[in-house]
Amino acid sequence: MVKIKIPATSANLGPGFDALGLALKMYNEVHMQETEGCDIASLDDTVIPTGKDNMIYINAKHLYNLCGRPFYGMKIRQINNIPMTRGLGSSSACIIGGLLGANALLGNPLQRQDILTLAADMEGHPDNIAPALLGGLVTSVMEDNKVWSISVPVSDNMRFAALIPDFEMSTEQARKILPHSVTRREAVFNLSRTALMTAALFSGELDCLKIAVDDKLHQPKRLELIPGGKDAMEICYELGAYGVYLSGAGPTIMAIIDSNAQDFAPIAKIMLEERGIYGWSIIMLDCDQEGAKFID
Ligand code: HSE
């Protein structure tokens, strides 16, 4: 049986829509073994699809087919720590887990670069996939069905506080509401901040983050769909966050805070409740620099 540990991810990082993402130290595990038929179960109490519609199963089968190898079925066991449909890369973890696991079971016919391109193709964009596979802060471009990406470390003077609402947000829905075109002013607004964001996270220039994290392409529209989202952002800034953005397509709000900040999560929770916002969980996370890896 092969076992893989895949990190959660946070995509966009504000302005870097479909381009930037980073990996976080919160992990799903995927265990896979060839078998006849579809044998899927969770090793924790997470409710997961246990039929042939399971995303790990679909991706494993896809790889077998691409490699021209007969697929008779798969035994899959999952440990899910990444909350689903919250903008923290749970679907990327399934895609990467399924493809890496199948590749290992087939004797590694594909290189990591092939897996990256294949996975981004399955997801439709590379910004969660690339950090899930590579770790670190990753900037990616998809061109001619190939992903060009570079992973760099995130400075260790910052941490990430994920404020996770108790409701889901479908990425498909959150993409449908976005405008099809933007002005040149908006394009420049975002591309200049995307570059600044990458440099600020890498170098640890914390004071740049509040400017770098702003966006005109997706956050304003999406925040309208997240009850309590704008309040959560305000609270994070009141508590001294350097930058706050919508993680992926949401609904999670991500605050970049000082690595020495104390009691951010419990105080933020109280402040949310004072504004009548209940049911959110707040998790403190560091950046994962390794990406998906095989475990014993
Ligand atoms: N870049 C994607 C989006 C991330 O914002 O729609 C979610 O998968």
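How does the lining of the second largest pocket divide by class into nonpolar, polar and charged residues? I will come to that shortly, but let me say at the outset that we are looking at a predicted model, and that I will go through the empty spaces, then the rings, and then a few points of the backbone.

The lining of that second largest pocket has 6 nonpolar residues, 1 polar residue and 5 charged ones. The pocket holds about 210 Å³ of space, and the residues around it are Lys210, Val213, Asp214, Asp215, Gln219, Pro220, Leu223, Lys230, Met233, Glu234, Tyr237 and Val244. Two helices, H8 (219-223) and H9 (229-238), each give at least two residues to this lining, and H9, with 4 residues, has the largest share.

Let me turn to the largest pocket, whose volume is about 530 Å³. It is lined by 33 residues, and the closest to its centre are Met55, Thr85, Ser90, Ser91 and Thr171. Where does this pocket lie with respect to domain 1 and domain 2? Domain 1, which covers 2-153 + 289-294, and domain 2, which covers 158-285, both contribute to the lining, so the largest pocket lies between them. As for secondary structure, H1, helix H2 (90-105) and helix H5 (171-176) each supply at least two lining residues, while the largest share, 3 residues, comes from H2. By class, the lining of the largest pocket is made up of 11 nonpolar, 15 polar and 7 charged residues.

There is also enclosed space to consider, and here the search gives 1 cavity of 30 Å³ or more. This cavity contains about 40 Å³ of space, and its lining consists of Ile6, Asn28, Glu29, Val30, Ile56, Gln78, Ile79, Asn80, Ala93 and Cys94. Strand S2 (20-34), strand S4 and helix H2 are the elements that give two or more residues to that lining, with S2 providing the largest share, 3 residues. Divided by class, the residues around the largest cavity are 6 nonpolar, 3 polar and 1 charged.

Now to the aromatic rings. How many aromatic pairs does a search of the whole structure find? The search finds 2. In one pair, Tyr57 and Phe71 meet edge-to-face, with 5.3 Å from centre to centre and 80 degrees between the planes. This pair links distant parts of the chain, since Tyr57 belongs to helix H1 (residues 55-66) whereas Phe71 sits in the loop between H1 and strand S4 (73-79), 14 residues apart. Tyr57 and Phe71 are both buried. The other pair joins Tyr64 and Phe71, which are again edge-to-face, at 5.3 Å centre to centre and with 75 degrees between the planes. Why do we call Tyr64 buried? Its relative accessible area is 2%, and a residue counts as buried because that value is under 20%. Phe71, at 16% relative accessibility, also counts as buried. Through these ring pairs, Tyr57, Tyr64 and Phe71 are linked into a cluster.

Two further rings have a charged side chain over them. Lys146 lies over the face of Trp148, at 3.8 Å from the ring centre, and Arg193 lies over the face of Phe189, at 3.6 Å from the ring centre.

Let me finish with some details of the chain itself. Which peptide bond is cis, with omega near 10 degrees? That is the bond from Gly250 to Pro251, and Pro251 is found in the loop between strand S8 (243-246) and strand S9 (253-258). Leu13 is not a glycine, yet its phi is positive, near 50 degrees; Leu13 lies in the loop between strand S1 (2-11) and S2, and at 0% relative accessibility Leu13 counts as buried. Asn145 likewise has a positive phi, of about 60 degrees, although it is not a glycine, and Asn145 is placed in the loop between strand S5 (137-143) and strand S6 (146-152). Lastly, there is Ala132 in helix H4 (residues 129-134), which is buried with a relative accessible area of 1%. Ala132 and Gly21 are 111 residues apart in sequence, while their C-alpha atoms are 8.9 Å apart in space.

Note on methods:
Residues are numbered from 1 along each chain as its sequence is written. This is a predicted model: local features need pLDDT of at least 70, side-chain atom pairs count only at pLDDT 80 or more; totals for chains, interfaces and linings use all residues. Side-chain values use heavy atoms; hydrogens and water are left out. Rings of Phe, Tyr and Trp (its six-membered ring) pair if their centres lie within 6.5 Å; planes under 30 degrees apart count as stacked, over 60 as edge-to-face and the rest as tilted. Buried means under 20% relative accessible area, exposed over 50%, partly exposed in between (1.4 Å probe, protein chains only). A charge sits over a ring if NZ of Lys or CZ of Arg is within 6 Å of the ring centre and within 35 degrees of the ring normal. On a 1 Å grid over the protein atoms alone, a cavity is a set of points where a 1.4 Å probe fits but cannot get out, and a pocket is an open set with protein on both sides within 12 Å along at least five of seven lines; lining residues have an atom within 4 Å of a point. Grid points are joined across faces, edges and corners, and a volume is the space filled by probe spheres set on the points. Ala, Val, Leu, Ile, Met, Phe, Trp, Tyr, Cys and Pro count as nonpolar, Asp, Glu, Lys and Arg as charged, and the others, Gly among them, as polar. Domain bounds come from an automatic or database domain assignment.
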